[in-house]
Amino acid sequence: MDFEDPFMDTTDPFDAGHLPFENPAAASDPTHAEGADPILAVLNDTFGYDAFRGFQRQVIDHVIAGQDALVLMPTGGGKSLCFQIPALIRRGIGIVVSPLIALMQDQVNALLLNGVRAAFINSTQEGFESAEVMRQARNGELDLLYMAPERLTMPGTLDFLSSLPVALFAIDEAHCVSQWGHDFRPDYLGLSVLADRFPGTPRLALTATADAPTRTEIIQRLRMDQAEIYVAGFDRPNIRYRVMPKDRPKEQLERFLSAEHEGDAGIVYCLSRRKVEDTADWLQARGYNALPYHAGLPHAMRQSHQDRFLREEGVIIVATIAFGMGIDKPDVRFVAHLDLPKNLEAYYQETGRAGRDGHPSTAFMTYGYEDVIMLRRWLVESNAEERIKRIENQKLDAILGFCETTSCRRQALLNYFGEEHHDRCENCDACLEPRKTWDGTVAAQKALSCVYRTGQRFGISYLVDVLLGKSTERIIQFNHHTLSTFGIGKEQGASQWRSVFRQLVAAGYLMVDFEGHGGLRLHEKSRDVLRGEREIRFTHDPKTKRKDEKASKVHRQQRAISKETNFEDAGDRDLFEALRELRLKLSQENNVPAFVVFHDATLVDIVKLQPQNLDELSMAHGVGAAKLKRYGNAVIKTVREQNQASHDTENNTENNA
Ligand code: ADP
Ligand code: ZN
């Protein structure tokens, strides 16, 4: 896939003029903070955070000391600070390699707002703009410079960088070097040249893709065998996992949205372009601010939908997997899959786009038997090597197992990624609303035997009709109304039989035969079931709730938990709204997304602190020196005005009483 294309931002030429540089992170000069910890000082003063997360500090120390590092951290874990802070502290300019051209503008703007001297060079710029950036780099006026790999590996660029003091190279999305991965970028292979050209300069490779083969490949291809490897835990405790069998998926989605995520920003993934458009229309008709995104839409439309998703509040993007790589929006509150992703790696990466700010978020999925058929068919028909097909098939089995599991989903996920997680998480549907199981041995025998008697070549609908004893034209044509299994399943309805077949396929007792017409065949291990030597338990599919139950108490409670911005106090609520308006105004003035000005977490903190002066405001999460200077007075003014307003209301109420 060509990353430049879907993410290219041509509308927003680099203009350092509208974001004047401020004090270039004075605290980054260790001499300023005598006695104190200069690295912590940068975190506090420049970024406005109190403490390092996980092993951020270890990586930073290691890189400042001039060593290489490979950093594996889940999306939202905080990789950026691992290279931004060393770049501020080490002498020279930090070079950041990123494949995501359209994001460079936002990343650079966010840094400028924190008073960090950052810029980018890429193909969206006019020649004179890149020339100006190069001039700044030459004059030592930049702390960080972003560019795409194809630009960095050009001989001219390498020569130019050789003439500068380079503080470090940060290679973001480093898994793009892996030829097995679906994000492979040939230009990343050229980055190995840095090992020869800049032997004394520390290099950091960063990625959210954790598996061991990718890790090895990054080290080899970037020639970083001296690198220290830092692997963060991959748990995302703020994400609630919820998976349910398909039963009118669009309605399931609507119930989910209205019960838990009204007004929130989120991503809905579908497999096909048609379904993307269909679902977006359907949501729009129901009053949601939903926009389609897939590779078949005109470039300008994709760009504008992505911008609106980033800049406006509460936009839902309905997309194929073409959307999302590198989407840097911290307040995506849900990711919904209306189709089964092809493996758990893809699922985890896509759901990982929710809740990067650490606040409660949901990963929602509906999956059905049709998905399994479709994915298996793709695999059979693809022209991949047999070995790869076998692996992909196993991965598909793993995600099916995950869907059908009755034990904690987080445990299942983390185990799959090789991490132990001992306790139930109490934040997935399996923990919160355990599904009941039932003894399905006899039902399984009936279903499997029906498959066998009909010749192992029919699909689910046909088999269910035979079990229910329906004399359809086809059944009579094949003479199957005379079989012993005809009508032996009348004790349960069609939907429960479909659930039985789905679970038998998921558990591998039945296989889909793509050489023929997609009928079901028995697996070897089904024999034990038919002989009565193996017991089978099925889960009850959760009952689909009626629409009028949607605002049930449970859901409302869950919603209250999931929204920290549901303030009890009316004054707090008003202040939050006023701050949101202020944020919108400031973001429009600066031409950046609202979250670049302040995260929701910062607004929540301001409501809690009720700061009356700049000193108090500086304690709020995410408010560093530059933002304090730039926005502080406007925030204090808003807090005071709101205090005054609610004071007036109270007085009026008292007078009226
Ligand atoms: P990644 O690149 O790993 O996906 P980011 O570097 O974008 O993650 O960080 C995710 C979010 O967490 C950002 O909003 C960032 O500002 C915030 N963050 C990172 N480190 C810290 C920290 N030590 N304290 C508070 N917030 C942090
Ligand atoms: Zn759980």
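Helices here are DSSP runs of type H or I with at least four residues, numbered from the N terminus. With that in hand, welcome to a few close-up views of this predicted model.

**View 1. Helix α4 at the shell of ligand 1.** Helix α4, spanning residues 79–89, gives the most to the shell around ligand 1, contributing 3 residues. The shell holds 16 residues, and those that come nearest are Tyr-49, Gly-76, Ser-80, Arg-356 and His-599. Sorted by class, the surroundings of ligand 1 consist of 8 polar, 5 nonpolar and 3 charged residues.

**View 2. Polar side chains facing the oxygen atoms of ligand 1.** Let's zoom in on the individual distances. Ser-80 places a polar side-chain atom 2.6 Å from an oxygen atom of ligand 1. For Lys-79, a polar side-chain atom is found 2.9 Å from an oxygen atom of the ligand. Arg-53 joins in with a side-chain N or O atom 3.2 Å from an oxygen atom of ligand 1. On its own, ligand 1 has 560 Å² of accessible area, and the protein covers 85% of that.

**View 3. An open sheet of 6 strands with parallel pairing.** Reading across this sheet, the strand order is β8-β13-β12-β9-β11-β10. Strands β8 (239–245) and β10 (290–293) sit at the edges with a single partner strand each, so one side of each has no neighbour in the sheet. From one strand to the next, the twist averages 15°. At the β10 edge, the partner is β11 (residues 316–319), and the two pair in the parallel sense over 4 bridges. Look here for Leu-291, which stands opposite Ile-317 of β11. Helix α17 (residues 386–404) packs on the sheet, where it touches β8 and β13 (361–367), and its direction makes about 105° with that of β13.

**View 4. An open sheet of 7 strands, again described by its order.** Here the strands run β3-β4-β2-β5-β6-β1-β7, with parallel pairing. The edges belong to β3 (118–121) and β7 (228–231); each has a single partner strand, so one side of each is left without a neighbour in the sheet. Ignoring direction, neighbouring strands are turned by 20° against each other on average.

**View 5. The β3 edge and two helices lying across the 7-strand sheet.** Strand β3 pairs with β4 (residues 144–147) in the parallel sense over 4 bridges, and Phe-120 stands opposite Tyr-146 in β4. Helix α6 (residues 127–138) lies across β2 (93–97), β3 and β4, at about 135° to β3. Helix α11 (residues 212–221) lies across β1 (69–72), β6 (203–207) and β7, running at about 155° to β1.

Note on methods
Residues are numbered from 1 along each chain as its sequence is written. Chains are lettered from A and ligands numbered from 1 in the order in which they are written. This is a predicted model: local features need pLDDT of at least 70, side-chain atom pairs count only at pLDDT 80 or more; totals for chains, interfaces and linings use all residues. Side-chain values use heavy atoms; hydrogens and water are left out. A residue is near a molecule or strand if one of its heavy atoms lies within 4 Å of it. A polar contact is a pair of N or O atoms within 3.5 Å; within protein, one must be able to donate a hydrogen and the other to accept it, and residues adjacent in sequence count only if both atoms are side-chain atoms. Accessible areas come from the Shrake-Rupley method with a 1.4 Å probe; for residues, only the protein chains shown count as cover. Ala, Val, Leu, Ile, Met, Phe, Trp, Tyr, Cys and Pro count as nonpolar, Asp, Glu, Lys and Arg as charged, and the others, Gly among them, as polar. Two strands pair if DSSP finds at least two bridges between them. Axes are lines fitted to C-alpha atoms, for helices over the stretch in contact, and angles run from 0 to 180 degrees between N-to-C directions. Contact means heavy atoms within 4.5 Å.
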